[in-house]
Amino acid sequence: MELTVVDLSLYLGSKGEVKELCGEVSRSLRETGALLVKDPRCTAEDNDRFLDMMERYFDRPPDFKRLQERPQLHYQVGVTPEGVEVPRSLVDEEMQEKLKEMPKEFQPSIPKGADRKWRYMWRVGPRPSETRFQELNAEPVVPEGFPEWKDTMDSWGYKMISAIEAVAEMAAIGFGLPKDAFTSLMKQGPHLLAPTGSDLRHYGQEGTVFAGYHYDLNFLTIHGRSRFPGLNIWLRNGQKVEVKVPVGCLLIQTGKQIEWLTAGDCIAGMHEVVVTSRTVDAIKLATEQHRLLWRVSSTLFAHIASDAVLKPLGRFAESSLASKYPAIYAGEFVEQELAVINLKGNKGEL
């Protein structure tokens, strides 16, 4: 199955009717939990510049990278070493029972331990001057020896936030909500550019799990195209799909906060990253071309502002499922989600 591809330039430059296009966006998010977009502001060259820098960073020795580790800030800024992030499917017994009931061909790969990936958290966008959730809004960490770091991270981060905001506006229109229903809640949110790095020299065997089956706890997640495939997503109907992101496209995925705001009309998309036969082919090609063997994902987590209240919006407040989504501060919601799996050291994904 091919995911819907939406050209955002049709919306960004429109002066007339875009309701049908917005309906496509909301329908794809509802039915598949995912969407492919083209944004003229986010070019393949921008993505390559970012990936080049992150490959060089992740290829540095572990001792160097650990200088950017901030466990006292819940790894919300700086680097998270491999073996720290634990997928929910590893610790959530209810989820494990549901996985056993899936048809064999749709079951995810069950990891044997914490994820074999590094991650770097970089704060994107302005922070609130006053907040109840200070630890979710920490100052960024810059590694030595990368003079281009801040400009590259900020540039790519802001461009991906711009794409998310356009998608959020289009989704709101498609859902029959005011255009700014979502974006007004995103202002000064703890958005995180959170690229991952997986070492394919050590973990390049088919079947290796880099990110176990999980959902993201934020609003929407966006990724640039990775140089090594391996992302699987699950559609609302339970079907497992290997994602192929065309050159020049970005992948959007639904997180738990949009599920809350739509009273479950959209649900948080489940996904995993696993070494597949296509990953192995890409490793062989990269080896022949003498490229670095790190699988980097240019992931950005877009959040609802920590001090904003999550609750079903507009017509979704009348849904029969609305009672499952009581009003809660977004920052408190994030902390509760993490407490489920006792991740005192990790505030990224679930």
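These are my notebook entries on a predicted model, covering its strands, rings, pocket and a few single residues.

**Ground rules**

I'm working on a predicted model, where local features need pLDDT of at least 70 and side-chain atom pairs count only at pLDDT 80 or more, while totals for chains, interfaces and linings use all residues. Numbering starts from 1 along each chain as its sequence is written, and side-chain values use heavy atoms, with hydrogens and water left out.

**Entry 1: the four-stranded sheet**

I looked up the strand order of the open sheet and got β7-β12-β9-β10, with antiparallel pairing. Strands here are DSSP runs of E with at least two residues, helices are runs of H or I with at least four, and both are numbered from the N terminus. Two strands pair if DSSP finds at least two bridges between them. The edge strands are β7 (209-214) and β10 (240-242), each pairing on one side only. From one strand to the next, the twist averages 20° (axes are lines fitted to C-alpha atoms, for helices over the stretch in contact, with angles from 0 to 180 degrees between N-to-C directions).

Next I went through β12 (residues 271-274). β12 runs antiparallel to β7 over three bridges; V209 has V274 as its bridge partner, and A211 has V273. β9 (residues 231-234) also pairs with β12 in the antiparallel sense, again over three bridges, and there I233 stands opposite H271.

Are the residues of β12 buried or exposed? H271 and V273 on one side and E272 and V274 on the other are all buried, and both faces are covered. My cut-offs, with a 1.4 Å probe and protein chains only: buried is under 20% relative accessible area, exposed is over 50%, and partly exposed is in between.

**Entry 2: β6 and β13**

I then checked β13 (residues 294-297), which has both faces covered too: W294 and V296 on one side, R295 and S297 on the other, all buried. β6 (residues 196-199) pairs with β13 in the antiparallel sense over four bridges, and D199 stands opposite W294.

**Entry 3: aromatic rings**

How many aromatic pairs does the whole structure hold? My search found 16. Rings of Phe, Tyr and Trp (its six-membered ring) pair if their centres lie within 6.5 Å; planes under 30 degrees apart are stacked, over 60 edge-to-face, and the rest tilted.

I pulled up Y57 and F146: the ring centres are 5.9 Å apart and the planes stand at 70°, so I logged the pair as edge-to-face. Y57 is in helix α3 (residues 44-58) and F146 in the loop between β4 (118-123) and α7 (149-174), so the pair ties together parts 89 residues apart in sequence. Both Y57 and F146 are buried.

The rings of W260 and Y325 have centres 5.1 Å apart and planes at 85°, so they are edge-to-face as well. W260 sits in helix α9 (residues 256-261) and Y325 in the loop between β15 (309-310) and β16 (328-329), so parts 65 residues apart in sequence are tied together. W260 and Y325 are both buried.

Back at Y57, I noted a cluster: ring pairs link Y57, F58, F64, Y120, F146, W149 and W294. The F64 ring also has the charged end of R60 over it, 3.9 Å from its centre, and K65 lies over the face of W118, at 4.1 Å from the ring centre. To count, NZ of Lys or CZ of Arg must be within 6 Å of the ring centre and within 35 degrees of the ring normal.

**Entry 4: odd phi values**

Most residues other than glycine have a negative phi, and I found two with a positive one. Q188, in the loop between α8 (183-186) and β5 (192-193), has phi near 60°. Its relative accessible area is 38%, so Q188 is partly exposed. H290, in the loop between α10 (277-288) and β13, has phi near 55°. At a relative accessible area of 75%, H290 is exposed.

**Entry 5: Q257**

I closed with Q257, which lies in helix α9. Q257 is buried, with a relative accessible area of 0%. Its C-alpha is 34 Å from that of P62, and the two residues are 195 apart along the chain.
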